[in-house]
Amino acid sequence: MKIKRYFNLENSRKLERVAFGSVHRNLELTFLSLSLNQPEIGEMSSENRSPVPLLYRRHSSDKIMNNLASVSSSLLPAFGTVVGGDSPPLRKYVIAPYDRRYRWWQAFLVVLVIYSAWSSPFELAFKKVATGSLLYVDLAVDLFFATDIIITFFVAYLDKSTYLLVDEHKKIAARYVTHMMFPMDVASTLPFQTIYRILTGKLHRGEVFGFLNLLRLWRLRRVSELFSRLEKDTRFSYFMTRTIKLICVTLFAVHSAGCFYYWIATHHKISKDTWIGSIIENFEDRSIWLGYTYSMYWSIVTLTTVGYGDLHAVNTGEKVFNIFYMLFNIGLTSYLIGNMTNLIVHSAVRTFIMRDSINEILRYASKNRLPEGLKQQMLAHMQLKFKTAELQQEEVLEDLPKAIRSSISQHLFRKTVEKTYLFKGISEDLSRQLVVDLKAEYFPPKVEVILQNEIPTDFYIVVSGALEALTQKNGTEQSSIKLGPMDMFGEIGVFFNIPQPFTVRSKKLSQVVRISHLRFKQLVQPLDDDAKTIMSNFTQYLKDLKKEVREELPFLTELLLDLNIEQTTQVDESENHEALNYSREDREGTPTSVPLNSFPLRVVIHGHHPDDKTADHKRTGKLAHLPDSIEDLLKLAEKKFGKRGTAVLMADGSQVEDLNALRENDHLYIS
């Protein structure tokens, strides 16, 4: 039998795939066992430690995704490293770089860095505070950073050549001491003025200590690293993070420039010949905050290029500083404007694309003089496309692995498929495969999903929303069936391979999933039991249709009769090939394809020679299932046309010798 031969071929292919898959899995297990052959915990070297398990060990499973959201792209597990709770811990007295407590410590230091960024230029300009009220605050801050230097000797680091965490104390210490970070961290932490006072017993008010305090600005790298990490963290808005960073850069530039400008005025020989001394006499003896206010005012006015002229450079030194500051402002302003423009344009890109698409539709509709209703449908569909862009399955899942895409589809549509009438009682294997091939679509209100009398290519399942099936009667539309979640439409045309009997239109915003009838046929073909279940469900559905709906389908009685004949004659193979034979006149111009393996190929048989083109013979074509042999085909033709033929010919006159060479929809001539 033809179907049996097909199933034997399919089974042999499946066995080959299973055998190949088994060999592939055995190779994977062998490789995995080799990678797991590691020393005991006490003997574990740093070369076998993956950084990722550290993220899992200190957090519950519910917190893993939140933690991974802020993981730096530089921290990657090595190939072959097993990620899980059984991974060995770090050595004693070694801190994981992504330990929660260490992260909080780093965040606290960032707050102290902000203070250092403000105090270092401020103490250079106003020497009184450096040896007065801020001295003890500086000592406390330096103490925290000195503590961080000690802690750094116990923090594991990532080897960039192997992407493995190194937790050996000697390697950690050697790396830190030989790196530029160590001397700079020490230099920016030492309280030079306090050390000088302890060694000499004198309080030095010279400028050298003010410039040494500027070494604390080295700590600003921590702020840069923080913003770099926040920009990659999906839990925070990139726009807001970037905006705050730009504001901080601007404030630091304004503050530093104002302090340096005041320092220049305090070191000029004649105080009246300075930008501030020409306005305020004896300004050095006045309040510190008065001088700071004037400095910030000048810096902001100059940065914004307003230039009121009330504060201006007087001596040569101030003029030179103004020149360089304004050149710096040109670069800073360009940086700020460029970044803000990029952020704003990036957030509006989708809006520009949508507007261009709508304008193209309007121009197309105007040029081709489309009806107003059709134009409105086009506009509604385009607007809905952009509004639901983040929900479109193909775009979201395009770059994900197949296994993840399959799991997401199972989560979204599995229950919907299993609750539809057509797929009740099918196997779990078929249900899982069907869900993977579903395509999700959205339709705005009052939009046609399928049109009456169009060629069937897909059938649909309603996920949400409401639709209605319409028929044309006496030039008016009449609603036949109301469709809601878990309902199907389009399957009648697909199963019987006839033009769609209904127009289906959405009543409100609706989500549907569709599957191609060709893909459906491929999935069901090797599954006999599921094919019978689906045909039984489909037949019962047709029988349960309302009388008004059945009257709109005049061919339904004949089709149901054919289905019953096909199902009852499956036991008797001699009768299996005669089901669903009816005149070509009733099905002229309709493709013939049924997607279930319970039906063999369909062909159109004619009881005359292909060269005989008489009018009487144009109406004798009969649609029939292809038998398993030429002899059975000749017997079937004799039964249908009342005469015995001797040969089977194609439309071009070539003789058929092997039925396996035939395809769906072929015309055969018995002569």
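Met 486 counts as partly exposed, with a relative accessibility of 27%. We start here, in a model that is predicted, with a residue whose backbone deserves a second look. Its phi is near 75°, a positive value in a residue other than glycine. Most residues other than glycine have a negative phi. Where does Met 486 sit? You will find Met 486 in the loop between strand E7 (476–483) and strand E8 (488–489).

Lys 446 makes a good companion to look at next. Its phi is also positive, near 60°, and Lys 446 is not a glycine either. This lysine belongs to the loop between strand E3 (439–443) and strand E4 (448–450). Lys 446 counts as exposed, at 63% relative accessibility.

**The chain as a whole**

Stepping back, the chain contains 24 helices and 14 strands. Of its 671 residues, 42% are buried. Among contacts with a separation of 6 or more, 70% join residues that are 24 or more positions apart.

**The annotated membrane spans**

The unreviewed UniProt entry carries the annotation "transmembrane region" for residues 64–84, 104–122, 134–158, 244–264, 289–311 and 323–345. Two of these spans are worth following in the model. Residues 244–264 are 100% helix and 0% strand, and their end C-alpha atoms lie 30 Å apart. Residues 134–158 are 72% helix and 8% strand, with 38 Å between the end C-alpha atoms.

Two cysteines can be picked out by number here. Cys 248 is partly exposed, with a relative accessible area of 37%, while Cys 259 is buried at 2%. A disulfide is a covalent bond between the sulfur atoms of two cysteines. How many disulfides does the model hold? The count is zero.

**A buried glutamate and helix H21**

Glu 491 lies in helix H19 (residues 491–496). What is the nearest side chain of opposite charge to Glu 491? That is Lys 424, 13 Å away, and Glu 491 is buried without a salt bridge. With its neighbours within four places in sequence set aside, Glu 491 contacts Tyr 421, Phe 459, Phe 538 and Tyr 541.

Phe 538 and Tyr 541 bring us to helix H21, where they are among the buried residues. The others buried in H21 are Asp 530, Ala 531, Ile 534, Met 535, Asn 537, Thr 539 and Leu 542. H21 runs over residues 528–543, which makes 16 residues. From its first C-alpha to its last, the helix reaches 23 Å, close to the 22 Å expected at 1.5 Å a residue.

**Charged pairs**

Side chains of opposite charge can pair when their charged atoms come close. How many salt bridges does this structure hold? There are 24, and three of them are followed below.

Asp 167 pairs with Arg 91, with the closest N and O atoms 3.5 Å apart. This bridge links distant parts of the chain, 76 residues apart. Asp 167 is in the loop between strand E2 (164–166) and helix H7 (169–178), and Arg 91 is in the loop between helix H3 (64–68) and helix H4 (100–125).

Lys 245 and Glu 231 form another salt bridge, at 3.9 Å between the closest N and O atoms. Lys 245 belongs to helix H12 (residues 238–266) and Glu 231 to helix H11 (residues 220–232), so this bridge ties together parts 14 residues apart in sequence.

Glu 448 and Arg 505 meet at 2.8 Å, N to O. Glu 448 is in strand E4 and Arg 505 in strand E9 (residues 503–506), so this pair ties together parts 57 residues apart in sequence.

Here is how accessible some of these partners are:

| Residue | Relative accessibility | Class |
|---|---|---|
| Asp 167 | 0% | buried |
| Arg 91 | 33% | partly exposed |
| Lys 245 | 19% | buried |
| Glu 448 | 22% | partly exposed |
| Arg 505 | 18% | buried |

The cut-off for buried is under 20%, so Lys 245, at 19%, counts as buried. Glu 448, at 22%, counts as partly exposed.

Finally, do look for the network of salt bridges that links Glu 123, Asp 138, Asp 142, Arg 216 and Arg 219.

Definitions and conventions: Residues numbered from 1 in each chain as written. Predicted model: local features only at pLDDT ≥ 70, side-chain atom pairs only at ≥ 80, totals over all residues. Heavy atoms only, no water. Helix = DSSP H or I, 4+ residues; strand = E, 2+ residues; numbered from the N terminus. Expected span 1.5 Å × (residues − 1). Buried < 20%, exposed > 50% of the residue type's maximum accessible area, 1.4 Å probe, protein only. UniProt positions renumbered as here; feature names shortened; annotations may be inferred. Disulfide = S-S within 2.5 Å. Lys, Arg positive; Asp, Glu negative; His and termini not counted. Salt bridge = Lys/Arg side-chain N within 4 Å of Asp/Glu carboxyl O. Contact = heavy atoms within 4.5 Å.
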